[in-house]
Amino acid sequence: MGATRATGTGRSTDSGSARAGGRKAAAELLEVAGHEVRLSSPDRVIFPQRGFTKADVFHYYLAVGEGIMRALRDRPTTLQRFPDGIEGEAFFQKRVPARGVPPWLATTTISFPSGRSADELCPVDLAHVAWAAQMGTVVFHPWPVRSADVDRPDELRIDLDPQPGTDFADAVTAAGEVRAILDELGATGWPKTSGGRGVHVYLRIAPRWTFTEVRRATIALAREVERRRPDLVTTAWWKEERGERVFVDYNQMARDRTIACAYSLRATARATVSTPVDWAELPDVDPDDFDLRTVPARLAERGDPHSGIDDAPWDITELLEWADRDDTDGRGDLPYPPDHPKMPGEPKRVQPSRARPSTS
C-alpha cells in the first residue's frame, strides 16, 4: 500500500481545540498518500465516554488504511459528519463543495431517485479518507458501485437487522443460513459486524445489472432464507409484521441507500467498528470488542479477512431466475423506501393496519 503511506510527523500551523490549562493544541500538516492533509483541533473530543479525540479518529483511519481503502476505493461515498462529537449535531454530506477543497480531491457524479445529482467524494487513496476525518467524518457510507459505472452495482449487500426481542446471536444464526444458500449457489459471502447488533454479508458481483435488478436478486435471496427459517428471518417491510425475527433489509440495495463500510467507525458510545470477520470466528465474536483501539492491532496482526473479496465477481443470474419463479408464484416486488418514486410493480406503500379494504 505504498500509495497510501502516511507519515506520523507533522508540522504545527495554527491553534486548535483547548488543552488542559487553557492552551490550544496546534494543528498539524501530515503527508498522506503523497498529499498534505491538515489536522486541526486534534484534541477535540469526539467520543466522550471513551475520551477519544479527533486526532484519535484521524489516526485510526490511517492505521486501517489497507482495509478501508479496499472498502472505499473508487466508490462514491456519503460522509456522516459529527464536527462537535457524536453527542453534537450530525449530518450526512453527499455533495463535496465546489470551493475550499484540495485540488487533488476526487469526486464522482451520482444521481438520486429524485433525478437530482451530486458530486460525491470518491476516495482514490487514503488522503481522501484523512481529509474526510479532518472534516469531522466518523462514519463512511459508500455506494455499492464504482466510479467507472455508477448505475451498475458491483457489490450485493445483505443487511441482517435484529428486531426487538432478537440480538446479535440471532443475526449470526441468520448469516449462517445465508452462507449455506450461497454455498449451494457457488457464491462466496464476506461477513462483517455492523458495529451494532447486526451482521452484514457482502458479495462481489459483476457490474452488469441495474440497481433494480440487483435489488430484485437480493429480495429473492432473502425470501429463500425466509422460507427455510420462517421462525428466525423475515422480509416484512412493515415493522408491525416482523415479530421477533431478523429482518433482511433488502432495500439496502435500492439506489442511494448505503451501509457503513468495513473498518468504518460507528457513532456509538464505545466507538465500535464495522469489522470484517471470517465465517469460523463469527459465532464467537462480540461486536463490542471491535473498536477504535482494538481494530488497528487486529488488522496488523491478522490481516484483513476481506482481502480476497475482489478476486471472483459472481454472476447473479440464478438469483434473478429465483425472482422470476417468485413472480410466477404471486410474490412480486416489495415496497421501496419512502423517498423513492413509485416503482412499476411495487405494492401499495400503506401500513397494513391502516390499509383500507378494497371496494372492487
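Select Tyr250 to begin: at 0% relative accessibility, this residue counts as buried. You are looking at a predicted model, so keep that in mind at each stop.

**Around Tyr250**

Add Phe247 to the selection. Phe247 is buried as well, with a relative accessible area of 2%, under the 20% limit used for that label. Show both rings: Phe247 and Tyr250 form an edge-to-face aromatic pair, with 6.3 Å from centre to centre and 80 degrees between the planes. Now bring in Arg242. Its charged end sits over the ring of Phe247, 3.7 Å from the ring centre.

**On to Tyr61 and Phe140**

How many aromatic pairs does a search of the whole structure find? The count is 8. For one of them, select Tyr61 and Phe140: the ring centres are 5.0 Å apart and the planes meet at 80 degrees, so this pair is edge-to-face. Colour by chain position and you will see that the pair links distant parts of the chain, with Tyr61 in helix H1 (residues 54-63) and Phe140 in strand S10 (residues 137-142), 79 residues apart.

Are these two residues buried or exposed? Tyr61 has a relative accessible area of 0% and is buried; Phe140, at 0% too, also counts as buried. Add Tyr60 to complete the view, since Tyr60, Tyr61 and Phe140 form one aromatic cluster.

**A charge over a ring**

Next, select Arg215 together with Tyr336. The charged end of Arg215 sits over the Tyr336 ring, 3.5 Å from its centre.

**A buried glutamine**

Move to helix H3 (residues 126-134), where you will find Gln134. Gln134 has a relative accessible area of 11%, so it is buried. What lies 2.8 Å from a polar atom of the Gln134 side chain? Select Ser40 and show its backbone: the partner is the backbone nitrogen of that residue.

**Last stop: the largest pocket**

Select His141, Gln252, Thr258, Ile259 and Arg266. Among the 27 residues that line the largest pocket, these lie nearest its centre. Turn on a surface here if you like; the pocket has a volume of about 460 Å³.

Which element gives the largest share of the lining? Highlight strand S11 (residues 155-162), which contributes 4 residues. Finally, colour the lining by residue type: it divides into 7 nonpolar, 10 polar and 10 charged residues.

How values were computed. Residues are numbered from 1 along each chain as its sequence is written. This is a predicted model: local features need pLDDT of at least 70, side-chain atom pairs count only at pLDDT 80 or more; totals for chains, interfaces and linings use all residues. Side-chain values use heavy atoms; hydrogens and water are left out. On a 1 Å grid over the protein atoms alone, a cavity is a set of points where a 1.4 Å probe fits but cannot get out, and a pocket is an open set with protein on both sides within 12 Å along at least five of seven lines; lining residues have an atom within 4 Å of a point. Grid points are joined across faces, edges and corners, and a volume is the space filled by probe spheres set on the points. Helices (H or I, at least four residues) and strands (E, at least two) are DSSP runs, numbered from the N terminus. Ala, Val, Leu, Ile, Met, Phe, Trp, Tyr, Cys and Pro count as nonpolar, Asp, Glu, Lys and Arg as charged, and the others, Gly among them, as polar. Rings of Phe, Tyr and Trp (its six-membered ring) pair if their centres lie within 6.5 Å; planes under 30 degrees apart count as stacked, over 60 as edge-to-face and the rest as tilted. Buried means under 20% relative accessible area, exposed over 50%, partly exposed in between (1.4 Å probe, protein chains only). A charge sits over a ring if NZ of Lys or CZ of Arg is within 6 Å of the ring centre and within 35 degrees of the ring normal. A polar contact is a pair of N or O atoms within 3.5 Å; within protein, one must be able to donate a hydrogen and the other to accept it, and residues adjacent in sequence count only if both atoms are side-chain atoms.
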